[in-house]
Amino acid sequence: MSKLCMLPWVSMEVTPMGTYRPCCVYKDTIPGLSVQQGHTIHDAQHSDYMVDLRNQFMNGEQPVGCSQCWDEEKVFGRSSKRRSTKIKLKDVHVTYDESGVEPIFLDLKLGNICNLKCRICGSWSSSKWAQEEIDVADGDNNLAKQQLRDGQWPRKTNSWWSSLEDALPYVEYLEFTGGEPFLILEHFELLRELVNKGLAANIDIHYNTNGTTLPKEGLDLWPHFRHVEIAFSIDDTGKRFEYQRFGAKWESVDTVVRAARKIEGNITLQVCTTFNVQNAYYWPETLQWIQDVGITDIHYNILHEPPMFSLRNISQNAKSAIANRMRTSSAKAADFIEGIIGFMMLDGPDLSSLLHTRLTANDLYRKQSFAATHPEVAALLFDK
């Protein structure tokens, strides 16, 4: 049972499109179930699909949908969602049978409202992205249109919110990512309901936010909860940050993060860096900024999708140069960085040409230049 994962017993994710997954890194959604069709968290957790997934784990198998964890665990010292959950939920007792499987951990992505168009994202998680994809196709992009519509489910499915009340008494951990959670008003309504029901004091909250705002509603509600962790998604600094997270202004985000450092009480801060082909080379500068701000908790996230942005899918020469540059950062981060490098060195196809095509198309629409803001990486990847 060394490959056992507790998440299929204790967790459920609701995606920005209103579908269900056992966790945020699982490759597939549960077939045939969605918020829009009236299915609830209870329906998803007790579905034949989830029963089969739990049985696979109990039989010592490695489910195909969990490939992201299996890939990361090939690298010595590299954690994974499966492993980190064991640590995060170390005090949670799991029966590992079909009794008591109501989720205590809900990962709620309440639609795709977002004010940014991050290069590694897309219309499934950003309404701004969806609109760009529709514009680029002169209106002829049915997938982006569908995702723009589906991402509005939190405001169009009152029945789901009613059904959520049945799940709330079990909840001990809530995670809000995106879209951009601080712009999704429904999530504040949920927090207010938890406070009013007297449930908030037993619940931890985790956010992933793009750092463009620090909402007053949150500052008023968060003290009622057991613990609140705000993870700022910071992949780079300065003009490179603005390129990668289009629509954000670096000075404004820097101001928001420094203001958050002054919050007292039950709120802690984290920086979540998603390592990909755009930013890994510049990690020493990003780490220096993190240290200057005074945040000590860093989550070293690895990008898997879209595949052309994955560090695994570039040339060996580029991998070596990036690895050498990453190793010049602070020794305090050495173990984590070696885990990132180990993943990068896994076999993968060179998708630099596909990446160049995608970046060029977005640059044209956004009036940007990857070569201008990331000249060292552009030379490594594209100067053949």
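A residue is taken here as buried when its relative accessible area is under 20%, as exposed when it is over 50%, and as partly exposed in between. The structure described below is a predicted model, and the terms just given are applied to its residues throughout.

By that scale Cys24, with a relative accessible area of 26%, is partly exposed, whereas Cys114, at 12% relative accessibility, counts as buried. Neither of these cysteines is placed for a covalent link to another. For Cys24 the closest cysteine sulfur belongs to Cys23 and lies 5.4 Å away, which is too far for a bond; for Cys114 the closest cysteine sulfur is that of Cys118, at 6.0 Å, again too far for a bond. Since a disulfide requires two cysteine sulfur atoms within 2.5 Å, both separations fall outside the criterion. In the structure as a whole, the search returns zero disulfides.

Cys23, the residue that holds the sulfur closest to that of Cys24, also takes part in the lining of an internal cavity. One cavity of 30 Å³ or more is found when the whole structure is searched, and the volume of the largest cavity is about 90 Å³. Its lining is made up of 13 residues, and those that lie nearest the centre of the cavity are Cys5, Leu7, Cys23, Tyr26 and Cys66. Two or more lining residues are contributed by each of the helices α1 (7–10), α3 (48–58) and α5 (81–88). In chemical character the lining divides into 11 nonpolar residues and two charged residues, with no polar residues.

Helix α3, one of the elements that give two or more residues to this lining, has Met50, Leu53, Arg54, Gln56 and Phe57 as its buried residues. Because these residues fall within an arc of 155° when α3 is viewed down its axis, they line one face of the helix. The elements against which the buried residues of α3 pack are α1, β1 (11–14), α2 (41–45) and α4 (67–72). After α3 comes Gly60, a residue with a positive phi, near 80°.

A comparable arrangement is described for helix α12, which spans residues 250–260 and has Trp250, Val253, Asp254, Val256, Val257 and Ala260 as its buried residues. The arc that these residues cover around the axis is only 160°, so they are placed on the same side of α12. On the face turned away from this buried side, α12 carries the exposed residues Glu251 and Thr255. The packing partners of the buried residues of α12 are β7 (227–233), α11 (238–244), β9 (267–275) and α13 (283–293).

The packing of α12 against α11 can be followed at the level of a single residue through Phe241, which lies in helix α11. Phe241 is buried, its relative accessible area being 1%. When residues up to four places away in sequence are not counted, Phe241 touches Asn210, Ser233, Ile234, Asp236, Ala248, Trp250 and Val253; of these contacts, Trp250 and Val253 are among the buried residues of α12. Phe241 and Cys121, which are separated by 120 residues in sequence, lie 14 Å apart in space from C-alpha to C-alpha.

Several features of the backbone geometry are found in the loops. The peptide bond that runs from Gly178 to Gly179 is cis, with omega near 0°, and Gly179 is located in the loop between β5 (173–176) and α9 (185–196). A cis peptide bond also joins Glu305 to Pro306, with omega near -5°; Pro306 is placed in the loop between β10 (298–302) and α14 (316–326).

Positive phi values also occur in residues other than glycine. In Tyr96 phi is near 55°, and this residue belongs to the loop between α5 and β3 (105–108); with a relative accessibility of 24%, Tyr96 counts as partly exposed. In Lys367 phi is near 60°, and the residue is found in the loop between α16 (352–366) and α17 (370–373). Lys367 counts as exposed, at 75% relative accessibility.

Terms used
Residues are numbered from 1 along each chain as its sequence is written. This is a predicted model: local features need pLDDT of at least 70, side-chain atom pairs count only at pLDDT 80 or more; totals for chains, interfaces and linings use all residues. Side-chain values use heavy atoms; hydrogens and water are left out. Buried means under 20% relative accessible area, exposed over 50%, partly exposed in between (1.4 Å probe, protein chains only). Helices (H or I, at least four residues) and strands (E, at least two) are DSSP runs, numbered from the N terminus. The arc is that of the directions from the helix axis to the C-beta atoms. Contact means heavy atoms within 4.5 Å. On a 1 Å grid over the protein atoms alone, a cavity is a set of points where a 1.4 Å probe fits but cannot get out, and a pocket is an open set with protein on both sides within 12 Å along at least five of seven lines; lining residues have an atom within 4 Å of a point. Grid points are joined across faces, edges and corners, and a volume is the space filled by probe spheres set on the points. Ala, Val, Leu, Ile, Met, Phe, Trp, Tyr, Cys and Pro count as nonpolar, Asp, Glu, Lys and Arg as charged, and the others, Gly among them, as polar.
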